[in-house]
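This report goes through selected strands, helices and single residues of one protein model. Please keep the sequence and the coordinates open while reading.

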Amino acid sequence: MAGGSEAIELKIDSERRILKTTDDECVIQLEVAGRKKPDEKRKVPMNLAIVLDRSGSMSGAKIERARQAASVALGLVGPDDTFALVVYDNSVETIIPAGKVKEIGELKSRIQQINSGGSTALHAGVTEGAAQLRRYFDKEKINRVILLSDGIANVGPSSPTDLANLGRELAAEGISVSTIGLGDDYNEDLMTALAEASQANYYYVKDAEKLPEIFAEELGTVKSVVAKNLRIIITLPEGIIGKAVLGEKEFEFKSGSVTLPVGDVSAGQKRRFLVKVAVPAGEAKDIRLAKVAMEYADADGAAQNSSVEYSAQRTVDVAVSEKSIQAVVAGNVAVVSNRLAKEEAVALADEGKVAEAAERLRSQVEANAALPSAAQNDIIRTEQKVLAQRASEIEATGGMSKRDRKLIQYENYQDKKQKR
């Protein structure tokens with residue numbers, strides 16, 4: 001079932017399109033996508049602050065590539081945009097105060113003078129980046145901080161909880177923070193917490209050579225925003241019980257409704273949510289399962305809203321119900337199950353429970369193998385190999401390496417945000 005609006009396309013489907021007339025459960029898939037408008041010039045101005053780690057660990061090639069990445073970002077700033085550059089080690093310094101980009105050669109010269117040394121006051125760096133954005137803040141702009149770090153925050157607030165709280169506070173203001181973790185020594189829990197809490201992007205970059213490319217990718221996403229502050233509101237009819245938004249622990253149904261804050265959506269970008277509901281017994285051939293509403297501001301800042309209702313059929317024949325499985329939706333449910341299994345394996349490995357971590361991954365391999373044929377696809381088959389390989393690596397090395405932990409966290413974030 002398709003719907004949506006001029007800027008956002010909404011697709012709704014369910015794991016089974018025909019439910020049993022006895023008590024049943026159903027997974028409803030909601031997918032929103034920014035409509036592509038390749039010939040339309042961007043209308044949403046960008047209010048951007050780059051926040052660079054210049055601590056001692058960033059010496060050599062890292063700081064050189066960071067300088068190149070900042071110059072790439074500067075070159076992508078348009079006449080209606082504002083730009084700021086903040087650097088931090090044990091203290092914070094604003095190299096380029098927020099403002100319109102003028103005399104770009106002189107600004108690039110300032111960037112080339114950035115050197116490494118000191119500790120990592122990450123929280124203070126992000127806080128100053130946000131302060132620079134506030135000088136030109138406008139709710140109709142894209143207000144984005146891009147944070148780069150290669151180390152563990154060790155000056156000021158430094159836990160994932162601290163940074164998640166900062167992310168939520170900034171998101172409430174209309175500011176988002178995309179995070180880029182470089183190498184294998186940064187805290188991936190902290191970087192993912194900050195990005196997710198502020199409804200932005202997270203990148204794991206093993207090789208500093210790729211930093212300019214990552215900055216260009218992130219700014220390309222920002223520059224193509226077609227809808228701002230998208231929210232999806234799911235309201236269930238009387239009798240339908242919301243069980244969970246799969247893989248999204250922070251969202252709970254209250255009084256038969258749940259709101260999913262998606263944030264800004266770029267052209268071609270997709271977000272998918274899987275909503276599990278309980279359906280009471282009934283003889284009716286059709287049953288209404290949910291009303292799905294969308295609210296956002298378009299590229300011109302005008303408020304937009306739309307809604308659609310989703311229904312399923314019912315049958316007394318269990319076999320008919322099982323044959324109505326939708327392969328794509330069932331496969332996506334399996335992908336979420338894999339993500340949760342990997343998260344559990346990471347937690348077990350962190351506790352030193354190596355055998356249990358490997359077993360959790362192997363049990364997920366078995367669960368995938370037992371899926372109905374309709375749910376088997378190339379993605380699941382690929383993940384089967386990855387899960388088995390990770391289990392073997394954990395057993396062989398007696399734990400989880402920094403690199404593997406970061407890869408798992410990054411893959412999980414990409415899966416959750418439908419970027420893979």
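The sections below treat strands first, then helices, then individual residues.

## Basis

The structure is a predicted model, and local features are reported at pLDDT of at least 70. Side-chain atom pairs count only at pLDDT 80 or more.

## Strand β9 and its parallel neighbours

Strand β9 covers residues 176–182, and 7 of the 7 are buried, so the strand is largely enclosed by the rest of the structure. In a regular strand, side chains alternate between the two faces of the sheet. On one side of β9 are S176, S178, I180 and L182, and on the other V177, T179 and G181; both faces are covered.

Two strands pair with β9 in the parallel sense. Strand β8 (residues 142–149) is joined to β9 by 6 bridges, with R144 opposite S176. Strand β10 (residues 202–205) is joined to β9 by 4 bridges, and here T179 stands opposite Y202. Each of these pairings is accompanied by a helical crossover. β8, helix α4 (residues 160–173) and β9 form a right-handed β-α-β unit. β9, helix α5 (residues 188–197) and β10 form a right-handed β-α-β unit as well.

## D184, after strand β9

D184 sits in the loop between β9 and α5. Is this residue buried or exposed? Its relative accessible area is 17%, under the 20% limit, so D184 counts as buried.

The side chain of D184 makes polar contacts with two other side chains: that of Y204 at 2.6 Å and that of K206 at 2.4 Å. Leaving out residues up to four places away in sequence, D184 touches Y204, K206, K402, R403 and K406. Of these, Y204 belongs to the range of β10 (residues 202–205), while K402, R403 and K406 fall in the range of α11 (402–416).

## Strand β11 and its antiparallel neighbours

Strand β11 spans residues 225–235 and is mostly covered, with 8 of its 11 residues buried. Its pairing with strand β13 (residues 257–266) is antiparallel and has 8 bridges; within it, I232 faces L260. The pairing with strand β15 (residues 286–298) is also antiparallel, over 7 bridges, and there I234 has V292 as its bridge partner.

One residue of β11 calls for a separate check. N229 is found in this strand and has a phi near 55°, a positive value in a residue other than glycine. Most residues other than glycine have a negative phi. At 43% relative accessibility, N229 counts as partly exposed.

## Helix α6

Helix α6 runs over residues 211–223. Its 13 residues should span 18 Å at 1.5 Å a residue, and the end C-alpha atoms are 18 Å apart, which agrees. The buried residues of α6 are L211, P212, I214, F215, E218, L219, T221 and V222.

## Helix α10

Helix α10 (residues 378–397) has 20 residues; at 1.5 Å a residue the expected span is 28 Å, and the end C-alpha atoms are 29 Å apart, which agrees. Buried in α10 are I380, E383, Q384, L387, R390, A391 and I394. These residues cover an arc of only 140° around the axis, which puts them on the same side of α10. An α-helix has 3.6 residues a turn, so residues three or four places apart point the same way. D378, K385, A396 and T397, on the other side, are exposed.

The buried residues of α10 pack against α8 (327–350), α9 (354–369) and α11 (402–416). At the N-terminal end, N377 acts as a cap, with a side-chain oxygen 3.0 Å from the backbone nitrogen of I379. The helix is followed by G398, whose phi is positive, near 75°.

## N368 in helix α9

N368 is found in helix α9 and counts as buried at 1% relative accessibility. Which residues does N368 touch, not counting those up to four places away in sequence? They are A334, N338, Q376, I380, Q384 and L387. Among them, I380, Q384 and L387 also appear among the buried residues of α10.

N368 and P160 are separated by 208 residues in sequence and by 32 Å in space, C-alpha to C-alpha.

## E103

E103 lies in the loop between β7 (92–99) and α2 (104–112). Its phi is near 50°, a positive value in a residue other than glycine. At 61% relative accessibility, E103 counts as exposed.

Definitions and conventions. Residues numbered from 1 in each chain as written. Heavy atoms only, no water. Buried < 20%, exposed > 50% of the residue type's maximum accessible area, 1.4 Å probe, protein only. Pairing = 2+ DSSP bridges. Right-handed = clockwise from strand over helix to strand, strands pointing away. Expected span 1.5 Å × (residues − 1). Arc of directions from axis to C-beta. Contact = heavy atoms within 4.5 Å. Polar contact = N/O pair within 3.5 Å; in protein donor to acceptor, adjacent residues only side chain to side chain.
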